[in-house]
Amino acid sequence: MLSVRDVTTAYQGLVAISNVSIEVEKGEIVCVAGANGAGKSTLLKSIAGAERPRAGSVTFDGSRIDGLAQHLITARGIAYVPENRRLFPRLSVRDNLRLGSYLYRSESNREEPLEFVFKLFPRLSERLEQRAETLSGGEQQMLAIGRALMTRPRLLMLDEPSQGIMPKLVDEIFQAVKRIRDAGMTVLIVEQRMAECLEIADRAYILQTGRVLMNGKAAEIAVNPDVRRAYLGL
Ligand SMILES: Nc1ncnc2c1ncn2[C@@H]1O[C@H](COP(=O)(O)OP(=O)(O)O)[C@@H](O)[C@H]1O
Ligand SMILES: [Mg+2]
């Protein structure tokens with residue numbers, strides 16, 4: 001479904017990711033794990049059109065998308081929840097969700113994803129009139145994911161959804177990711193919390209200082225002795 005080939009992305013001449021290649025098949029949860037500064041966010045930005053790769057290609061459903069404007073990539077069916085979530089803080093939960101569905105104007109199309117979002121995160125349906133800025137960190141992350149789902153994506157990309165969230169809600173978010181996949185979507189998630197991410201993922205890549213260090217089945221990476229020592233503190 002998604003094929004990233006030899007992508008190199010730099011900021012003002014400083015290379016952040018170098019020759020990165022990843023594949024995502026339809027229906028998978030793929031986790032890209034790595035330490036702070038490894039290039040995880042840069043990878044997602046390079047796919048979402050928020051940064052333009054200096055070299056390499058990104059192909060989605062058989063067509064090249066690198067170089068396309070970000071909104072055109074969204075329109076192709078890729079939803080992206082960035083690290084900082086980019087909610088509209090002064091707007092209500094309801095209006096944040098509504099803004100997510102701007103691509104799908106007909107009411108009938110809007111109801112279906114909204115119902116799914118409410119089933120996934122019942123907390124949001126209880127807080128429809130609350131301003132986004134008054135939600136807890138975990139609830140804001142739920143809203144950001146919910147808003148992304150309102151675009152009815154085929155591929156959902158999440159940048160460290162566990163960041164700044166209390167442990168109880170972290171688990172809720174990871175479980176929601178599984179349910180999103182079970183509902184027929186494909187998920188690419190980047191995370192520093194490798195253990196939890198490997199638990200829900202089908203396959204994983206480990207990114208280290210801008211390069212792919214290792215990739216394989218999540219269950220195999222989770223028991224790899226080098227990974228356990230270096231990343232899982234075991
Ligand atoms: N906007 C930016 N300008 C300059 N350098 C950046 C910018 N964003 C990220 N970098 C650098 O690129 C590298 C990878 O960063 P990032 O993709 O944010 O990693 P991660 O998400 O894994 O923490 C880091 O060295 C970081 O300092
Ligand atoms: Mg990051």
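Reader: Which element gives the largest share of the shell around ligand 1?

Author: In this predicted model, the residues around ligand 1 include Gly37, Ala38 and Gly39, together with Lys40, Ser41 and Thr42. Helix H1 covers residues 40–48, and the largest share of the shell, three residues, comes from H1.

Reader: How many nonpolar, polar and charged residues does the shell around ligand 1 have?

Author: The shell around ligand 1 is made up of Tyr11, Ala16, Ala35, Asn36, Gly37, Ala38, Gly39, Lys40, Ser41 and Thr42. Glycine is counted among the polar residues and alanine and tyrosine among the nonpolar ones, and on that basis the shell has four nonpolar, five polar and one charged residues.

Reader: What share of the area that ligand 1 exposes when taken alone does the protein bury?

Author: Among the polar contacts, an oxygen atom of ligand 1 lies 2.7 Å from a backbone N or O atom of Gly37, and an oxygen atom of the ligand is 3.2 Å from a polar backbone atom of Ala38. The side chain of Lys40 also takes part, with an N or O atom 2.8 Å from an oxygen atom of ligand 1. Taken alone, ligand 1 exposes 560 Å², and the share of this that the protein buries is 62%.

Reader: How many residues apart in sequence are the parts that the protein donors of the magnesium ion tie together?

Author: The protein donors of the magnesium ion (ligand 2) are Ser41, through OG, and Glu83, through OE, at 2.1 to 2.4 Å from the ion. Because Ser41 lies in helix H1 and Glu83 in the loop between strand S6 (78–81) and helix H3 (93–100), the pair ties together parts whose separation in sequence is 42 residues.

Reader: Is Glu83 buried or partly exposed?

Author: Buried means under 20% relative accessible area, and Ser41, at 13% relative accessibility, counts as buried. Glu83 has a relative accessibility of 34%, and therefore counts as partly exposed.

Reader: How many of the residues of H1 are buried?

Author: The buried residues of H1 are Lys40, Ser41, Thr42, Leu43, Leu44, Ser46, Ile47 and Ala48. The helix is followed by Gly49, whose phi is positive, near 90 degrees. H1 is thus mostly covered, and the count of buried residues among its nine is eight.

Reader: What distance does helix H6 reach from its first C-alpha to its last?

Author: Helix H6 (residues 137–149) is mostly covered, with twelve of its 13 residues buried, among them Met142, Leu143 and Ile145. At 1.5 Å a residue the expected reach is 18 Å, and the helix comes close to this, with a reach of 18 Å.

Conventions: Residues are numbered from 1 along each chain as its sequence is written. Chains are lettered from A and ligands numbered from 1 in the order in which they are written. This is a predicted model: local features need pLDDT of at least 70, side-chain atom pairs count only at pLDDT 80 or more; totals for chains, interfaces and linings use all residues. Side-chain values use heavy atoms; hydrogens and water are left out. Donors are N, O and S atoms within 2.8 Å of the metal (3.2 Å for Na, K and Ca); water is not among the atoms, so sites may look incomplete. Helices (H or I, at least four residues) and strands (E, at least two) are DSSP runs, numbered from the N terminus. Buried means under 20% relative accessible area, exposed over 50%, partly exposed in between (1.4 Å probe, protein chains only). A residue is near a molecule or strand if one of its heavy atoms lies within 4 Å of it. A polar contact is a pair of N or O atoms within 3.5 Å; within protein, one must be able to donate a hydrogen and the other to accept it, and residues adjacent in sequence count only if both atoms are side-chain atoms. Accessible areas come from the Shrake-Rupley method with a 1.4 Å probe; for residues, only the protein chains shown count as cover. The expected span of a helix is 1.5 Å times one less than its number of residues.
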